[in-house]
Amino acid sequence: MAARPDSEALIVGAGPVGLFSVFELGMAGVAARVADILPRAGGQCVELYPDKPIYDIPAIPEISGGALAERLLAQAAPFDPQFHFNEAAQTLSGDVENGFVVGFASGLEVAAKVVVVAAGGGLIAPKKPPLKELPAFEDKSVFFAVRDPELFNGQRIVVVGGGDSALDWAIELAPQAASLTLLHRREEFRAAAASVAKMRAMVEAGAMDFRLGQIRGLKGENGRLDAVVAAHGGETFEIAADACLMFFGLAGRIGPIADWGLKMKGPLIEVDTAAFETSRPGVFAIGDVCTYPGKLKLILSGFHEAALMARKAVRYVRPGEHHRFEHSTSSAILHEKLRR
Ligand SMILES: Cc1cc2nc3c(=O)[nH]c(=O)nc-3n(C[C@H](O)[C@H](O)[C@H](O)COP(=O)(O)OP(=O)(O)OC[C@H]3O[C@@H](n4cnc5c(N)ncnc54)[C@H](O)[C@@H]3O)c2cc1C
């Protein structure tokens, strides 16, 4: 049997807040492992808005979600975090005196002296329409995200949805498509006004089509799409298509972490604001997953929570030792790591 990896701190969630925790724990002298169900780091910033500019990171006037994740990874790198991607945390056993073990869906178990839940909105998964034929087409000709835009060159594309992702991709893919139809159930859109204006101008110019309607079915064989079936106002119609991109938003689900015996408020974990510790000593919750009076779901709030969490976590990891607060400008631990 493979040896169980252990760690001083296990961070569940490699979103921006989980990544910054590596740095803050590292500054306190605590080594961390980070696990995420996704195949890459960055959380919402990378999954939901990699190219959108963020304007409220202190001292960075503008940075995209993807670039922020890159910089957080670079900032954490001197502390050598060990990453476990494609791993969904499921169970938590143990306590702060004897150590914790987190069990993952794959069977992996990681032992840790403290556990930091930075699971954000939970397991990020696209919302899917209830079409019985969907599984036959999914990832073959029906997609819920675009990883490689070039795959759609020269295709007849139907984009379904009325939010930012739907409009952004419709606008970007239309010039390279054989045809592109945007299908949305109503005339109003949730997307940015500038994107809606651009889409309408492209429709006007004949660069894409817009159809009002709700998706009702998919037609084709062996996973190859021939047409999307839609309905509006009692009329059912088909749109010829080689590919269909569906953007109905994302469903966040805290999942099994809700059963870890932590005091919850709905889907969020209650914490104290002195150290962002949960009702279970040694288990912390920071970022979008935690709640307390006045909580704001902002990246900068998560960064602050990570800093205070680390000050308390080190007391559990190395009890009895004296821990002095140090600025990064004079931190001996940090400077030694940066010299390597
Ligand atoms: C469109 C959009 C625009 C935004 N713009 C801004 C902005 O301008 N400024 C700002 O401050 N904030 C903005 N936000 C909010 C910001 O993205 C979040 O506050 C931030 O991502 C929270 O970070 P996090 O690390 O707590 O959680 P997340 O980014 O949600 O990351 C959590 C990670 O945990 C993982 N995870 C969850 N459950 C498990 C599990 N059981 N096992 C393993 N891994 C798990 C997830 O896969 C995910 O990678 C925006 C959000 C959206 C959607």
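Me: By class, how many nonpolar, polar and charged residues does the shell around the ligand have?
Reply: The shell has 21 nonpolar, 11 polar and 4 charged residues. Please bear in mind that this is a predicted model.

Me: Which residues are the closest to the ligand?
Reply: Of the 36 residues that surround the ligand, the closest are G13, G15, G43, G120 and G287.

Me: And which helices supply at least two residues of that shell?
Reply: Helix 1 (16–27), helix 2 (43–47) and helix 7 (299–317) each do so.

Me: Let us stay with helix 1. What length does it reach, and what is expected?
Reply: Helix 1 has 12 residues and reaches 17 Å from its first C-alpha to its last. The value expected at 1.5 Å a residue is 16 Å, and the two are close.

Me: Is helix 1 largely enclosed or largely in the open?
Reply: Helix 1 is largely enclosed by the rest of the structure, because 12 of its 12 residues are buried. Those buried residues include P16, V17, F20, F23 and the charged-class E24.

Me: What comes just after helix 1?
Reply: G29 follows just after helix 1 and takes a positive phi of about 85°.

Me: How do helix 1 and helix 7 cross?
Reply: Their axes come within 8 Å and cross at roughly 35°. The crossing of helix 1 past helix 7 is right-handed.

Me: Which residues make that contact?
Reply: On helix 1 the contact is made by P16, V17, F20, S21, E24, L25 and M27. On helix 7 it is made by I299, G302, F303, A306, A307, M309, A310 and A313. By class, this contact has 12 nonpolar, 2 polar and 1 charged residues.

Me: Why do residues three or four places apart point the same way in an α-helix?
Reply: An α-helix has 3.6 residues a turn, so residues at that spacing point the same way.

Me: Which residues of helix 7 are buried?
Reply: The buried residues of helix 7 are I299, G302, F303, E305, A306, M309, A310, A313, V314 and V317. What covers them includes helix 1, strand 1 (6–12), strand 8 (109–117), strand 21 (283–285) and strand 22 (290–291).

Me: How many residues does helix 7 have, and what does it reach?
Reply: Helix 7 has 19 residues and reaches 26 Å from first C-alpha to last, close to the 27 Å expected at 1.5 Å a residue.

Me: A307 came up in the contact. How many other C-beta atoms lie within 10 Å of A307?
Reply: There are 18, so A307 is partly exposed. A307 is found in helix 7. Its C-alpha is 25 Å from that of I124, with the two positions 183 residues apart in sequence numbering.

Me: Turning to helix 6, is it largely in the open or enclosed?
Reply: Helix 6 lies largely in the open, because the number buried among its 12 residues is 1. Its residues 193–204 should span 16 Å at 1.5 Å a residue, and the end C-alpha atoms are 16 Å apart, which agrees. Helix 6 is followed by G206, whose phi is positive, near 80°.

Me: What does A170 touch?
Reply: Not counting residues up to four places away in sequence, A170 touches V159, L180, L182, M199 and M208. A170 lies in helix 5 (residues 164–173).

Me: Is A170 buried or exposed?
Reply: A170 is buried, because 31 other C-beta atoms lie within 10 Å. A170 and H184 are 14 residues apart in sequence and 12 Å apart in space, C-alpha to C-alpha.

Me: Now the loops. Where is A59, and what is its phi?
Reply: A59 is in the loop between strand 3 (53–54) and strand 4 (63–64). Its phi is near 70°, a positive value in a residue other than glycine. A59 is exposed, because 4 other C-beta atoms lie within 10 Å.

Me: And what about N86?
Reply: N86 is not a glycine, yet it has a positive phi of about 55°. It lies in the loop between strand 5 (82–84) and strand 6 (89–95). N86 is partly exposed, with 14 other C-beta atoms within 10 Å.

Me: Finally, how many helices and strands are in the protein chain?
Reply: There are 8 helices and 22 strands. Buried residues make up 37% of the 340 residues in the chain.

How values were computed: Residues are numbered from 1 along each chain as its sequence is written. This is a predicted model: local features need pLDDT of at least 70, side-chain atom pairs count only at pLDDT 80 or more; totals for chains, interfaces and linings use all residues. A residue is near a molecule or strand if its C-beta atom, placed from the backbone, lies within 6 Å of it. Helices (H or I, at least four residues) and strands (E, at least two) are DSSP runs, numbered from the N terminus. The expected span of a helix is 1.5 Å times one less than its number of residues. A residue is buried if 20 or more other C-beta atoms lie within 10 Å of its own, exposed if 12 or fewer, and partly exposed in between; C-beta atoms are placed from the backbone. Two residues are in contact if their C-beta atoms, placed from the backbone, lie within 7 Å. Axes are lines fitted to C-alpha atoms, for helices over the stretch in contact, and angles run from 0 to 180 degrees between N-to-C directions. A crossing is left-handed if the near helix is turned anticlockwise from the far one by less than a right angle, and right-handed if clockwise.
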